[in-house]
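Reader: Please guide me through this entry, beginning with how two of its helices meet.

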Amino acid sequence: MTTEVNGIGNFIKEFIEDYEQMGKDKEPELWLKEAIARKIPGITEEEAEKIKNELLKGINRYREAREKKTTLSSVLKNAGQYAKDLYKKVMKEIEELLKRTGIDDQSVIDKIKEEEENE
Amino acid sequence: MNKDKNILDMVNAGAYYIANRAGAYGGPDMNVADIGVGGATQTDLFETESMYKDGKINQQQYKNEVASIYKASAVAIIRNLIDKGIDAVANFVTMKFPVIAAVVAPVVNVVKSFVYGAVEKKVVNTASRVFKWIKEKLFG
């Protein structure tokens, strides 16, 4: 496991070095696009821009979910007929992931479910 | 959003993207927006573990925060999925839930050791050390 952390750590280290050398005086989003283009040989500027936008979309969606404490139920309203199945599946996966992390207190799981029910 | 956190998210997400592209990390069905979610998720997991280790939050708060991070990650990934269309949602229902597990995999066991009261200090402290190191390198 430490090896896995070190593995991604090396990529993070490379990216930090890139930011230190090329990004500090730039607008962060521009730096990200240029850094992606530098790290992937042969990529076009258009592709780098697209990748940057997709990464930012994911980041922004996560931040919004954290800050607004968005419930699964509210997001799943847009999943139509699959909403119920998806809700069950995701809650089960979160529970399993928490258990794998060593967090198996029922109170933690109940708290998440309570937030959903109060939505 | 906090500018420092914004940069941390971009560094994490960019690093995960490059790692995934290099075949060094990731899982099935990792699309680019999901990797963005993964990068931001890692920022918060690292930060939360660091706060717990420093005694700024207690164990119960720590556990609730981790649960909340996983849920926010799931919410964001589902939004990505819905974005991709109804077929993507339909396929997802019949598949395993791969992405969250993939994005948090590197820290899961470290956190686990930490919660259980760790045996080997070197392993236990890895995630919080990574976070502190990233912050120090980026922001001094």
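**Helix contact and model confidence**

Reader: In what kind of crossing does helix 3 of chain A pass helix 1 of chain B?

Author: In this predicted model, helix 3 of chain A passes helix 1 of chain B with a definite hand. Helices are DSSP runs of H or I with at least four residues, and strands runs of E with at least two. A crossing is left-handed if the near helix is turned anticlockwise from the far one by less than a right angle, right-handed if clockwise. Here, the crossing is right-handed.

Reader: At what angle do helix 3 of chain A and helix 1 of chain B pack, and what is that arrangement called?

Author: Helix 3 covers residues 45–68 of chain A, helix 1 covers residues 3–21 of chain B, and their axes are 10 Å apart. The angle between them is about 125 degrees. Under 35 degrees is roughly parallel, over 145 roughly antiparallel, 65 to 115 roughly perpendicular and the rest oblique. The angle therefore makes helix 3 of chain A, relative to helix 1 of chain B, oblique.

Reader: Which residues in helix 1 of chain B does helix 3 of chain A meet, and how many residues of the contact are nonpolar?

Author: From helix 3 of chain A come A:Ile51, A:Leu55, A:Gly58 and A:Ile59, and they meet B:Asp9, B:Ala13, B:Gly14 and B:Tyr17 in helix 1 of chain B. Contact requires C-beta atoms within 7 Å. By class, 2 residues of this helix contact are polar (Gly among them) and 1 is charged, while the number of nonpolar residues is 5.

Reader: Which element of chain B has the lowest mean pLDDT?

Author: Chain B averages a pLDDT (confidence per residue, from 0 to 100) of 71, with 56% of the residues at 70 or above. Helix 1 of chain B has the highest mean among its elements, 87. The lowest, 37, belongs to residues 121–124, helix 6 of chain B.

Reader: Over which residues of chain B does pLDDT stay under 50?

Author: Where pLDDT is low, the predicted coordinates should not be read in detail. In chain A, pLDDT stays under 50 over residues 1–5, although the mean for chain A is 85. The corresponding stretch of chain B, with 38 contacts beyond four places in sequence, is residues 105–125.

Reader: What ipTM does the predictor give the complex?

Author: Chain B has 7 helices and 0 strands, and 92% of the residues of chain A reach a pLDDT of 70 or more. For the complex, the predictor gives a pTM of 0.82 and an ipTM of 0.89.

Definitions and conventions: Residues numbered from 1 in each chain as written. Chains lettered and ligands numbered in written order. Predicted model: local features only at pLDDT ≥ 70, side-chain atom pairs only at ≥ 80, totals over all residues. Axes fitted to C-alpha atoms, helices over the stretch in contact; angles between N-to-C directions. Contact = placed C-beta atoms within 7 Å. pLDDT = per-residue confidence, 0-100.
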